[in-house]
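Notebook open, coffee poured. I want to get my bearings in a structure I have not looked at before.

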Amino acid sequence: MCVKVQMPSGEMITGFLLTIILMSPVVAQDLCKESKDGFKVRISLKTAFGDDAYEWNESEKFLFRSTLAYAMRKKTGEDTYNIENILVCNDTKRVSFIFVVTLPADPTQLIPKEEVERAVRQSKHRINNAFLLSDMTLEFVGVPPTLAVPIQYNTPPWLIVFGVVIGIVAVGIVALLMSTVSKRRRAKAKDAGFDEDEDDEGIVKENGTALSGLNKKDGVYNPGFSNDERFTKL
Amino acid sequence: MSKDVRPSWDNPMQFVLACVSYAVGLGNVWRFPYLCQMHGGGGFLIPYLLMLLLEGIPLFCMELAIGQKMRLGSIGAWSSISPYLSGLGVASVITSLYLCLYYNVINAWSFWYLFHSFQSVLPWAECPVNSNRTGFVEECAVASPTQFFFYRETLNISSSMEESGGGLHMGQALCLVLAWVIVYLFIVRGVKSTGVVVYFTATFPYVVLFIYLIRGVTLHGAWNGVKYMFTPKLEQLANPQTWINAATQIFFSLGLGFGSLIAFSSYNHHHNDFEKQAIAVSLINSGTSIFASVVTFAIYGFKATFNYESCLERNRLLLLNTFDLSEGTISVENVTAWISQLNSTHPDIFSTITDKIQDCSLEAELDTAVEGTGLAFIVYSEAIKNMPVPQLWSVLYFLMLLLLGMGSMLGNVTAIITPLADIKILSRTLSDETINGLVCLLCLLLGLGFTSPSGNYWFTIFNEYAATLSLLFIVFIEVISVCYVYGLKRFEKDIEDMLGHRPHWYLKLMWALVSPLLLLCLFIFYIINYIQGGAPTYQAWDKHMGKSVVKEYPVYGQVFIALLLASSLSCVPIAALYAFCRRKTRSAVREEHSNTNTAE
């Protein structure tokens, strides 16, 4: 017996397709809301910028979805991720929402949480910079931030300053000690020198006049005998 | 030739600056503000200034008079007063030696912090990152970055005194070497080099304090701290502990009993007017304490306000995140109002975060009183890291700490080298520079022990026991000997000879009656405290909890404390006994001689 199967008409096909197309965001929303593979994202614009904060609108959300797609591309190396693969839901006024990532091949299947986390951690710096935010103001709840490597120095700077200071002090001490030693040597030499001078005077004995004792060979200048005509003009 | 003539200061100003540099030290910055806070703010000034009049100025005057009259270091000066009292000088020198050993370690820490300030990010501003870069090093996360930098990176402290292994901290050892080398540079020529250095070490700290005063009072929240300090809580005056602390603070702050003042004034000219200088230096010292505490409380106020506002900010974020409200709805001012409102409207959601909401209180922040190395290196560096251009403020601050510490070290080391130089045998065989170098070398080698992981606990022993009880005893014996062994009338005549007029009757009253009584009371109080306190304890740093825990000293620690106290206290009776025995044998020998002479 033949059962008559009714072939779907053109309107039915269109209607069916339309339902699917209209349902897909609803399906997508269901995927996003009920998923355990979703991440909550929190953005604090006023904390980051104060009064200069930009508004969080659909365009910003678009940017967010595209950066996440970029992150997935970078992590997996596949160029198939697109903005449709990032689903966002649960928007709040805090500016927080939940997102999930679907497989490019099959939009009903989600990427597991761990893979998304790895992708986010790898590109967190780029994602932050796209929004001019930081790890504190763009939070992926549950994803620990990758902290920047602290600056590594070849020689720690404190050692350099220490070397300079101890060098100066060492030079100061050596200079002081050398000046003390040379002062002592000079004092000793002067003592020895005085002894020699006295011996000389003793050997070269003249008649013992006062002049010889003065040790001045040229004599003493007595102004009374000078011919100083400057003052005697009358 | 020149060795027989005693060197002297180039001018009296150098002497005054040397005394100021010695007396104004770290205690003015980190002990006085704490006492002020604990004992009722502005009200503490009443017992403090009273004690300054009762014991500070008279005892300071007395030590300067002795040094200027005897023109010898502490050992020689007290031996001249009475041969039984040479032990007093030896006790002073031993106490100064202990002080030198541990005090320069603080200077080494100041150097360490100073050198680490020359970085784009101050190392105590942020925690270091752990190995897989997911978070901060655990010890730092539990404590705070400033505490981590002090306990782990500066001290590398062990968790108790018993764990002593681990070698020396090379950075600390290098800084200690530098500190001693600089001290040697300052004292190498004795009073000639010291006299030049004190122009700088006495005056520059005031410049920095003034700069910090301006910076401090312009900080956000500084007035909270200054107001807190100056609101007097006069009920504290009824507490006897307030008066005891005021007396001990004046006493230790002026540096009496170490022999440094005697050493400094021994280089004075005979007719130098020390009375006016003593009053001037004591007043400058107390004035600096008050000035420094205004600055400290401004910084406290800033730090407390910063912490309080951070606490409010954390609560605000918690509320915003839990209730998903837009950022502008809650501001820092109305956080508390919102907490109560949300608690009543959404109690179920609120219950999830009740334990995370913190109690923010400005009063509680201001009440946390810290003193000592904790204040200088942890609290202050925490405040500095939040200031704009923190590197500049950090360099200025640690430079000031260094100068205060170095200035005091000058006095401490002079108290040791002056009596040594007075010993004829030593000064004839070795030159002055060699003696000074050997003293510095010895102190450096012994001080290296403080750079080991448990070194800070030994440091605490020295800090608390080496120079407290023994000083009270020494100065008490000093006052009694001057008034009753040497004779107050004789002392009066000496002063008249030096100054041209007799000392004021007020000073005589203090010397003869009030100061000895006061010192005896303090001494007895300390002993009672030691006995009643049970086994002595210390604060050990627990790296897992990120805070200090109280532990008892091990047996060898307690024995060491007893030895420290005994070594300086026992000098006086032992030397007196020795002098007594020598006199007896000498008089016995003389009697024999005269007997044999008469026999012949």
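I started with one serine. Leaving out residues up to four places away in sequence, S266(B) touches R6(B), G67(B), Q68(B), R71(B), L72(B) and T418(B); contact here means heavy atoms within 4.5 Å. S266(B) sits in helix α13, residues 260–266 of chain B. Helices are DSSP runs of H or I with at least four residues, strands are runs of E with at least two, and both are numbered from the N terminus.

Is S266(B) buried or exposed? I get buried, at 0% relative accessibility. The cut-offs are under 20% relative accessible area for buried, over 50% for exposed and partly exposed in between, with a 1.4 Å probe and protein chains only. I also found a polar atom of the S266(B) side chain 2.6 Å from the backbone oxygen of A263(B).

A note to self on the ground rules. This is a predicted model, where local features need pLDDT of at least 70 and side-chain atom pairs count only at pLDDT 80 or more, while totals for chains, interfaces and linings use all residues. Residues are numbered from 1 along each chain as its sequence is written, chains are lettered from A and ligands numbered from 1 in the order in which they are written, and side-chain values use heavy atoms, with hydrogens and water left out.

Next I followed T418(B), one of the residues that S266(B) touches. T418(B) and G76(B) are 342 residues apart in sequence, yet their C-alpha atoms are 9.5 Å apart in space. G76(B) belongs to helix α5, residues 74–81 of chain B, and is buried at 16% relative accessible area.

Then I looked up a pair in helix α14, which runs over residues 274–323 of chain B and holds L320(B). How far apart are L320(B) and E275(B) in space? I noted 67 Å from C-alpha to C-alpha, with their positions 45 residues apart in sequence. L320(B) is buried, at 0% relative accessible area. Setting aside neighbours within four places in sequence, I listed its contacts, including R94(A), L325(B) and I330(B).

Another spot where the chains meet is E433(B), in helix α21, residues 432–447 of chain B. The E433(B) side chain makes a polar contact with the side chain of R184(A) at 3.4 Å. A polar contact is a pair of N or O atoms within 3.5 Å; within protein, one must be able to donate a hydrogen and the other to accept it, and residues adjacent in sequence count only if both atoms are side-chain atoms. With neighbours within four places left aside, E433(B) is also in contact with residues from both chains, among them L177(A), T180(A), Y184(B) and V188(B). E433(B) is buried, at 9% relative accessible area.

Zooming out, I wrote down the chain totals. Chain B has 26 helices and 2 strands. Its C-alpha atoms fill a box of roughly 115 × 50 × 45 Å along the principal axes. Of the 600 residues in chain B, 57% are buried. Among chain B contacts between residues at least 6 apart in sequence, 82% join residues at least 24 apart.

For chain A, I noted 6 helices and 4 strands, in the order α-β-α-α-β-β-α-β-α-α along the sequence. Buried residues make up 25% of the 234 in chain A.
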